Amino acid sequence: MTYMLHGKHLIAGEWVAADKTFANEPVSGEPTEFSLGTVELVNLAAEAAEKAFWSYGYSSAQDRAALLRAIADEIEARGAAITEIGCRETGLPAARLEGERGRTTGQLRLFASHIEKGDYLDRRFDPALPDRQPAPRPEIRLMQRPVGPVAVFGASNFPLAFSTAGGDTAAALAAGCPVVVKGHSAHPGTSEIVAEAIHAAIGRLGIDPGVFSLVQGGNREVGSALVTHPLIKAVGFTGSLAGGRALFDLCASRPEPIPFFGELGSVNPMFVLPEAAKARATAMGAGWAASLVMGAGQFCTNPGIAVVVEGATADKFVAATKEALAKTGPQVMLTEGIARAYHQGQARMKDRKTVRPVTEMVSEGRSANPNLYETTAGQFLADHVLSEEVFGPLGLVVRVETPEEMHRIALSFQGQLTATLHMDEGDLPLAKRLLPVLERKAGRVLVNGYPTGVEVVDSMVHGGPYPASTNFGATSVGTLSIRRFLRPVSYQNFPAGLLPEGVL
Ligand code: NAP
């Protein structure tokens, strides 16, 4: 299936254009002009979503599962065109985008099967106790209900799996919530063709078209208007700490505050424990380097910091990392802005007196070369900038003198998406000491692995304390992510004829 980009917004089943345009930034070929998002379009999309909620919000799980599967089918039908447009816009290789497409369609189908099972409703039932003294107890049932229209911000670093039909959209649609997507300006063409797939699925099933709208970006007013629109009841976001925090604050300051599920920054520390380092420092260095440069370091789970006990094994670990990084050439970053931020992040590191360069390479234009620095525990604890995320393939080794120092470093971290322990049997006492700290800091704790590569499963948590995310009780990956767009309602003393479908 070939596809010609037209550059319009999808508002409740109609492709519409506003007066002004912005251009995408393809890695190769001519830029395409896209209609700029407007506040008026946000209003139209939110109103259509609210109207659609009155049918879609009360549809059966089977009907919503059919929509999720139809979207997956329509994405697959456009697979080659999506990859072609996505590669041009993001610079990501075809194999990565094909893998991400599989993850996106797999996610849609997993959520379809999950809601069909019904467990996601967390239904509860307390029977009446008419003879209870001093007062009888009424019959009470509990069930989850969809919250209403949801705003989704497409992520720059996952143009498919975390964008137009990505995890947030799939979770909201699974829950029964219409979605208004704010397309990311890094890949408007990819957003458009995926929106076309959703549009086709909705049309095929005869669902109210207000269930899905795409408003393209290019204008910061769009995001602000979306999160402050009174008909929007929750927001899903992946992006920068600054952008996410600004939108989170807007959500909190509304007359009716709403939840903002933001996935922001994380350095994903790895703790290399002494016995594991003795046994396989070289292999771990190579493994870390591979994880660090994957996708030009543009993964939220990129392990940016490794904490290792000073000595010969630390030297071996650093040498192996350096050797593996030297074999990596420059990689194209997602946008010129993200590349600029990476270059600035590296310059910030380079200027610090508290670090020593191990591998330092100049990056130009939209490309990123890997960089590696090292520091001591004392310097790391004294300089908070060292614990901030540099989005891209930049690693920092923190050499500690003692296990106590490693514990102090663990305590010093802010909230993280992940924390990793590299350990052997002999490291168990230290691992047991670190675990309570890491559990408090991270949404996912791993042993002997690398955090890039997030499984989409029932037991996944992709979230964590702030600033990893803005809601530590939620995940943006896996079936538990559907819960973000539901709220519990109790039904007390209901006659059978009035009980909503699906309650126990
Ligand atoms: P971003 O600048 O936070 O943008 C994300 C989305 O929010 C975009 O749609 C953007 O609109 C919108 N936005 C940002 N600030 C806003 C504001 N003040 N008001 C209204 N809307 C706003 O993130 P990005 O463009 O994806 O990447 C920039 C940086 O984010 C990267 O260098 C990296 O540091 C970080 N990042 C982190 C992760 C992670 O998972 N930790 C993932 C991706 C990016 P526009 O498109 O119109 O700008």
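A residue is taken to be near the ligand if one of its heavy atoms lies within 4 Å of it. In this predicted model, 24 residues surround the ligand, and those that come nearest are Ser156, Ser185, Ser240, Leu264 and Cys300. By residue class, the shell around the ligand consists of nine nonpolar, eleven polar and four charged residues. Both domain 1 (9-264 + 469-492) and domain 2 (270-447) supply at least three residues to this shell.

Oxygen atoms of the ligand lie close to several polar side chains. A polar side-chain atom of Ser156 is found 2.6 Å from a ligand oxygen, while an N or O atom in the side chain of Lys182 is 2.7 Å from an oxygen atom of the ligand. For Glu263, the distance from a polar side-chain atom to a ligand oxygen is 3.2 Å. The ligand taken alone exposes 860 Å², of which the protein buries 86%. Two or more shell residues are given by each of α7 (220-228), β10 (234-238), α8 (241-252) and α11 (336-350); the largest share, three residues, comes from α8.

The structure also contains 14 aromatic pairs. Phe153 and Phe237 pair edge-to-face, with 5.6 Å between centres and 65° between planes. Because Phe153 belongs to strand β7 (residues 150-153) and Phe237 to strand β10, this pair ties together parts 84 residues apart in sequence. Phe153 is buried at 7% relative accessibility, as is Phe237 at 8%. Ring pairs link Phe153, Phe237, Phe248 and Phe260 into a cluster.

Key: Residues are numbered from 1 along each chain as its sequence is written. This is a predicted model: local features need pLDDT of at least 70, side-chain atom pairs count only at pLDDT 80 or more; totals for chains, interfaces and linings use all residues. Side-chain values use heavy atoms; hydrogens and water are left out. A polar contact is a pair of N or O atoms within 3.5 Å; within protein, one must be able to donate a hydrogen and the other to accept it, and residues adjacent in sequence count only if both atoms are side-chain atoms. Accessible areas come from the Shrake-Rupley method with a 1.4 Å probe; for residues, only the protein chains shown count as cover. Helices (H or I, at least four residues) and strands (E, at least two) are DSSP runs, numbered from the N terminus. Ala, Val, Leu, Ile, Met, Phe, Trp, Tyr, Cys and Pro count as nonpolar, Asp, Glu, Lys and Arg as charged, and the others, Gly among them, as polar. Domain bounds come from an automatic or database domain assignment. Rings of Phe, Tyr and Trp (its six-membered ring) pair if their centres lie within 6.5 Å; planes under 30 degrees apart count as stacked, over 60 as edge-to-face and the rest as tilted. Buried means under 20% relative accessible area, exposed over 50%, partly exposed in between (1.4 Å probe, protein chains only).
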